[in-house]
Amino acid sequence: GLAAALVMSAAAPAAAQGIPERRNPMLIVPAQPERRVGLDLSAGYAVLRDSGRDRTLPSAWLAGLGLTIAPHWAIVGEADGAYRTEHTAFGDQGYRVHSFMGGVRGALAPRGRTTPFAQALVGTSCYCGSTAHTDGRFSRGLSVQVGGGVDIAGARALGLRLQGDVRHVNGNGVSFNQVRIAVGAVVRVVP
């Protein structure tokens with residue numbers, strides 16, 4: 001009898017482990033808040049097509065900062081510069097276009113390693129220090145830019161960003177468009 005009691009007492013705790021814990025249906029457990037704040041930095045190479053001067057500026061850079069404020073939304077700031085030098089009979093003419101913009105970016109849920117996004121920005125663009133624009137018709141103006149792209153996750157916090165944008169510039173009575181294609185790196189500083 002003593003041996004049977006020992007076997008049954010040893011089996012009871014093992015059997016109890018398989019019984020699911022009963023929960024009180026009246027107890028409401030709050031959902032864990034989703035982390036909403038994040039920070040990303042991006043930099044890369046771009047090519048800009050400027051319809052204002054009917055030129056493609058092949059040497060361009062792009063730098064950006066994004067502050068995530070909700071699961072799929074971020075406030076972004078961006079700066080870029082594009083350059084081209086043409087050799088003419090009157091000497092070298094340099095085209096230098098810069099823009100400084102801010103706005104919002106919306107991203108879809110990640111699909112595997114890719115995260116598509118779209119963004120809208122407002123700011124200023126200028127022919128800053130350009131020797132080709134001494135006619136005074138345009139120096140700087142209001143810019144509105146829409147675009148999108150995809151972030152491709154890489155190792156750890158580093159990824160690849162591919163993006164394309166269309167920018168409308170209006171200043172000093174002159175209105176024109178710029179199209180930009182860019183590729184670069186993006187780093188998630190705060191995930």
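**Notebook: strands, rings and a surface patch**

I looked first at β4 and strand β5 (residues 114–126), which pair in the antiparallel sense over 10 bridges; strands pair if DSSP finds at least two bridges between them, and strands are DSSP runs (E, at least two residues) numbered from the N terminus. The model is predicted, so I note that local features need pLDDT of at least 70 and side-chain atom pairs pLDDT 80 or more, while totals for chains, interfaces and linings use all residues. Residues are numbered from 1 along each chain as its sequence is written, and side-chain values use heavy atoms, without hydrogens and water.

I then followed the β4–β5 hairpin, where six residues lie between the strands and G112 in the turn has a positive phi of about 70°. G106 has A118 in β5 as its bridge partner.

I turned to strand β3 (residues 73–88), which pairs with strand β4 (residues 91–107) in the antiparallel sense over 16 bridges. These two strands form a hairpin with two residues between them, and I found R84 opposite Y95 in β4.

I checked F117 for charges over its ring (NZ of Lys or CZ of Arg within 6 Å of the ring centre and within 35 degrees of the ring normal). R105 lies over the face of F117 at 5.7 Å from the ring centre, and the charged end of R161 sits over that ring, 5.1 Å from its centre.

Which residue did I locate in strand β3? W73 is found there.

Definitions and conventions: Helices (H or I, at least four residues) and strands (E, at least two) are DSSP runs, numbered from the N terminus.
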